[in-house]
Each structure stands twice: as C-alpha cells, then as structure tokens.
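I pulled this one up to see what sits around the ligand and how the domains meet. My notes follow.

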Amino acid sequence: MKLYYFETINGKKACAVAKYVDAPVEFVRVDLSRGEHKAPDYLAINPNGKIPALEDGDIRIWESNAIMCHLARRAKSDLWPVDPAKQIEVMKWLSWNSEHFTRHAGTLYFNHVVKPKFGLGAADEKAVAEAIGFVTPFVAVLDRELEGRTFLLGDHLTVADFAVSVTLPYADKIGLPIKGYNNIARWHAQLGQIPAWQDPFPAAKAAAA
Ligand SMILES: N[C@@H](CCC(=O)N[C@@H](CS)C(=O)NCC(=O)O)C(=O)O
C-alpha cells in the first residue's frame with residue numbers, strides 16, 4: 001500500500017491511523033508547497049488534487065475519513081468497531097464533523113495556519129468571524145456529548161476521535177473557542193497521550209504541521 005500525505009490536518013488523520021494500526025504502508029510525501037499534488041501522475045491517483053490518498057492494490061481511496069476507515073477495518077482494529085450500531089455512531093460523528101465542526105474549524109485553520117505557511121496572503125477576516133459564529137454552538141454540543149465519556153463512542157477510541165479533534169492542537173492559534181469546556185480539554189489531553197496521534201508522520205520527513 002502507498003499512503004500519499006503531507007504534514008497537514010488531513011494528512012495527519014491518515015498517517016496517524018496507519019501508524020496506530022501498524023499498517024504495511026509506504027509513506028509517499030506529496031509536497032504541497034511545490035505543487036506536487038497537481039502533477040498529472042498524482043491527479044491520476046486523486047483527481048481532486050488533494051492529500052491524502054491511498055493505493056491498496058487496485059483500490060484507490062481519497063478522502064481522509066475513508067482512508068482511516070479502510071486502514072482500521074483492514075487491520076481489524078477497534079478504531080473501526082465491528083458492531084454495526086457502533087459503525088453508525090462513527091458515521092454520525094464523521095458526518096457531523098465534516099458538515100459542522102471541522103467544516104468551520106477548518107476555515108480557521110486555513111486562514112491562520114495554511115495561508116501564512118504557503119504565502120497565500122492575509123486571513124479573510126469576514127470568513128474568520130463567520131466561522132467562529134458557526135462553530136461556537138457545535139463546540140458546546142461536543143462538550144456536552146463528551147460528558148461522562150472517555151471517547152466519543154464511550155470507552156474506546158475510534159477514527160471519529162481523530163477526525164473531530166484534528167484542529168484542537170491549533171485552538172489557541174486559530175481562535176477556536178474551546179476555552180472553558182472541560183470535557184473537550186480532558187478528551188484532547190487524553191488523545192495527546194497516544195503516540196501515533198502525537199507523532200503521526202514518518203520520522204525522517206516530519207515537519208511542523
Ligand atoms: N475532504 C478531504 C480534504 C483534503 C484536503 O483539503 N487536503 C488538503 C491538505 S489538508 C490539500 O491537499 N490541499 C491542497 C489543495 O487543496 O490544493 C479529505 O478529508 O481528505
């Protein structure tokens with residue numbers, strides 16, 4: 001298997017799961033700063049021109065959530081639970097995250113991390129203010145749902161925890177309003193103890209994400 005990645009939030013999700021389940025992947029770095037994701041060879045793998053992407057035999061998978069689920073299922077890891085009801089719970093959180101939480105937290109990450117890193121100009125203050133307005137109620141939902149739970153599904157870690165928490169390490173820098181939410185703080189601190197989440201990228205090539 002080949003896992004195409006770069007040191008960004010969506011690359012982190014795929015690489016962390018590959019490391020966590022010890023998947024037999026060759027990590028292939030696609031340098032976004034050099035436009036390697038728009039090269040014809042790479043577009044043949046992911047026509048969206050984005051990382052991550054996975055090649056597993058004849059199968060090509062793009063979208064970090066799908067890659068995480070595929071790697072976890074293939075490794076028979078609890079990160080993708082066997083119980084169909086729990087699989088639906090994972091899908092619920094992945095959908096909620098894409099549609100609501102990281103959708104807007106991602107706008108903050110893009111404006112405050114990606115733009116300066118790639119020289120894409122100043123933050124769009126209108127987009128930032130809107131994103132903060134949109135994400136704030138979902139932060140409160142997340143905190144309430146985490147009450148009394150170790151992880152999103154209860155006792156055990158799943159790919160949903162990785163997906164939903166991916167912008168949290170940048171919360172201060174991007175102005176994600178999570179201050180005062182103790183369940184989120186506790187959950188985030190716990191995730192920070194997981195070696196594959198702490199250090200997701202191949203050692204020799206890791207750069208500050
Ligand atoms: N929904 C996609 C998003 C992928 C994505 O936006 N990747 C970013 C890096 S985090 C990227 O490749 N950006 C380059 C570009 O859009 O030109 C996923 O979850 O994989």
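I started with the shell around the ligand and looked up which element gives the most to it: H1 has the largest share, with three residues. I kept in mind that this is a predicted model.

Next I listed who is there. The ligand has 13 residues around it, and Thr8, Asn10, Lys50, Ile51 and Ser64 come nearest. I then checked which elements give two or more residues to that shell, and got helix H1 (9-20) and helix H3 (64-74).

I also sorted the shell by class. I noted seven polar residues, four nonpolar and two charged.

Then I moved on to the domains. The assignment splits the chain into domain 1, running 2-77, and domain 2, running 84-195. I looked up the spacing too: their centres, taken over C-alpha atoms, are 21 Å apart.

How many residues does each domain put into the contact? I got ten from domain 1 and eight from domain 2.

I wanted to know which elements build the domain 1 side. H1 and H3 each supply at least two residues of the side that touches domain 2. H1 has the largest share of that side, at five residues. By class, I wrote down six nonpolar, two polar and two charged residues for this side of domain 1.

One thing I flagged for myself is that H1 turns up twice. H1 gives the largest share of the ligand shell, and H1 also gives the largest share of the side of domain 1 that touches domain 2. H3 is on both lists as well, giving two or more residues to the shell and at least two to the domain 1 side of the contact.

Key
Residues numbered from 1 in each chain as written. Predicted model: local features only at pLDDT ≥ 70, side-chain atom pairs only at ≥ 80, totals over all residues. Near = placed C-beta within 6 Å. Helix = DSSP H or I, 4+ residues; strand = E, 2+ residues; numbered from the N terminus. Nonpolar A, V, L, I, M, F, W, Y, C, P; charged D, E, K, R; others polar. Domains from an automatic or database assignment. Contact = placed C-beta atoms within 7 Å.
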